[in-house]
Amino acid sequence: MSVLSAPGFPERQVRARARTAAGSVFPDNARYGATLFGQGQDAPGAQAMDAIDHARLVPPVFVPLRAEKMFDLGREPLAGDVDLSTTIGGLRSTLPVYVSAFGSTAVANGDLGVAVAGQAGAAGVPMVIGENIVPVSGYGRMADEEQSSLLRRLTEYTKMAADDLGGVIVQQSTEDADAEVWNLVYSDPASEPLLATGRLAFELKVGQGAKPGIGGMTLIPRERAAHLSAQYDILDIYDAADASVLRSATPGTFTAEILRQQIRLMRNNYPRCRVWVKLPPARDVADAAEVAWAAGADAVTIDGAEAGTGWAPHGFLDHVGLPLAECLRRVAGRDRHEHSLLVSGRCWEGTRVVKCLALGASAAGLGRAALVAADENADHGLTNLLAAFDLELRLLISALGKYRTTDLATEDIWFPADNERTR
């Protein structure tokens with residue numbers, strides 16, 4: 001039994017590394033498949049605060065846009081008069097939010113992912129389906145195959161959605177390209193209702209908030225390691241008695257020209273689809289966004305360092321990548337009527353979403369929030385969460401004297417410290 005102590009030093013973390021070696025670089029693997037991992041894992045119960053959290057929305061005294069609305073209505077405007085409908089990357093949405101990709105996290109692979117899909121479709125908000133699903137579990141088109149999580153979610157969303165709202169966005173990474181995921185989805189009869197109404201998009205995954213600079217990671221059963229070793233880096237970092245090994249993907253190699261050509265290929269090969277590009281919170285995120293938009297991307301999604309639902313090392317979750325506020329500052333000044341800028345990173349309630357919209361975003365993604373809501377109530381959890389968003393957004397936007405999401409601007413937000421300003 002140890003008697004040594006080290007007050008003021010991260011003794012617990014050092015002891016964990018001494019016990020479990022490389023496995024301690026990640027969260028506790030016993031929690032895999034039942035826990036959503038993201039920033040702040042080392043401080044359970046504490047909510048990490050960033051610049052956006054510290055910022056305040058600041059209503060004005062003089063509200064010319066409210067006066068215009070009053071003349072249009074012939075009465076004093078109310079919160080219910082706020083128009084929350086918008087276009088997200090070429091897809092019509094009832095709210096300025098969408099469901100983010102969950103990646104290949106085991107949490108979303110079963111009925112929970114399907115529950116999210118059905119409720120998102122019924123609500124008329126777009127939904128992204130993450131990468132690495134097909135290479136790991138297959139697609140499931142054949143009669144003798146079980147449908148994959150991707151196909152089940154796509155089918156459920158389509159069944160529940162109206163014909164003129166929302167849409168499904170299918171993400172593809174390097175390994176997905178080898179598995180021809182987009183080709184499978186584009187040629188599948190199950191996708192035709194979405195294609196016929198312009199509600200299918202493909203998203204090129206360049207990176208992500210939870211693990212900027214590295215590829216997707218999951219734990220897989222030890223017996224599947226040999227089968228997947230040709231496509232992925234398989235790392236045996238746990239005790240030999242453990243049932244799991246680490247499956248690590250490549251992040252892919254990008255230059256400005258490679259990204260430009262990838263987008264052009266997407267537009268050429270899938271002319272009936274919208275084109276989205278997902279960027280990590282990288283130091284050159286503004287340059288990458290500019291390249292993507294110039295090449296014809298309908299939307300650029302930026303994951304802030306606060307984003308993430310999947311498996312990632314502690315060091316990446318808490319110390320790698322730009323905060324969402326800084327990403328927005330660097331991409332600020334873009335005309336959102338011309339470019340669709342989507343962001344994600346701990347957006348679970350209305351104030352954070354309105355702040356992101358005021359800083360230039362077109363919409364905000366719900367990742368962990370969507371999964372937790374559906375886990376709370378498989379039939380209505382996400383529906384109820386979106387209803388709460390609807391009310392909060394109307395109250396907040398009307399308090400700012402505005403009645404459309406596109407009217408929000410940096411004048412509506414105040415940062416308490418000069419070094420946190422993003423205007």
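**Figure 1. V128 in strand β5.** V128 sits in strand β5, residues 127-129. Strands here are DSSP runs of E with at least two residues, helices are runs of H or I with at least four, and both are numbered from the N terminus. The model is predicted: local features need pLDDT of at least 70, side-chain atom pairs count only at pLDDT 80 or more, and totals for chains, interfaces and linings use all residues. Residues are numbered from 1 along each chain as its sequence is written, and side-chain values use heavy atoms, with hydrogens and water left out. V128 counts as buried because its relative accessible area is 2%. Buried means under 20% relative accessible area, exposed means over 50%, and partly exposed lies in between (1.4 Å probe, protein chains only). Not counting residues up to four places away in sequence, V128 touches Y98, V99, S100, A101, I169, Q171, E203 and W276. Contact means heavy atoms within 4.5 Å. V128 and Q171 are 43 residues apart in sequence, yet their C-alpha atoms are 6.9 Å apart.

**Figure 2. The second largest cavity.** V128 and Q171 also appear in the lining of this cavity. The other lining residues are Y98, S100, A101, E203, K278, T301, D303 and S344. A cavity is a set of points on a 1 Å grid over the protein atoms alone where a 1.4 Å probe fits but cannot get out; lining residues have an atom within 4 Å of a point. The space inside is about 40 Å³. Grid points are joined across faces, edges and corners, and the volume is that filled by probe spheres set on the points. By class, the lining has 3 nonpolar, 4 polar and 3 charged residues. Ala, Val, Leu, Ile, Met, Phe, Trp, Tyr, Cys and Pro count as nonpolar; Asp, Glu, Lys and Arg count as charged; the others, Gly among them, count as polar. The whole structure holds 2 cavities of 30 Å³ or more.

**Figure 3. Helix α17 and its cover.** Helix α17 spans residues 381-399, 19 in number. From first C-alpha to last, α17 reaches 27 Å, close to the 27 Å expected at 1.5 Å a residue. That expected span is 1.5 Å times one less than the number of residues. The buried residues of α17 are G381, L382, L385, L386, F389, L393, R394, I397 and S398. Their cover includes helices α3 (64-73), α4 (111-123), α15 (350-358) and α16 (368-376), along with strands β4 (97-99) and β14 (363-366). G401 follows α17 and has a positive phi, near 75°.

**Figure 4. Two loop residues, R346 and S191.** R346 lies in the loop between β13 (341-344) and α15. Phi of R346 is near 60°, a positive value in a residue other than glycine. R346 is buried, with a relative accessible area of 15%. S191 lies in the loop between α8 (181-186) and α9 (192-196). S191 is buried too, at 0% relative accessible area. Leaving aside neighbours within four places in sequence, S191 contacts L154, V185 and L200.

**Figure 5. Q261 in helix α11.** Q261 belongs to helix α11, residues 256-269. Q261 is classed as partly exposed because its relative accessible area is 34%. Q261 and A295 are 34 residues apart along the chain, with their C-alpha atoms separated by 8.0 Å.

**Figure 6. The protein chain as a whole.** The chain has 17 helices and 15 strands. Of its 423 residues, 53% are buried.

Terms used: On a 1 Å grid over the protein atoms alone, a cavity is a set of points where a 1.4 Å probe fits but cannot get out, and a pocket is an open set with protein on both sides within 12 Å along at least five of seven lines; lining residues have an atom within 4 Å of a point.
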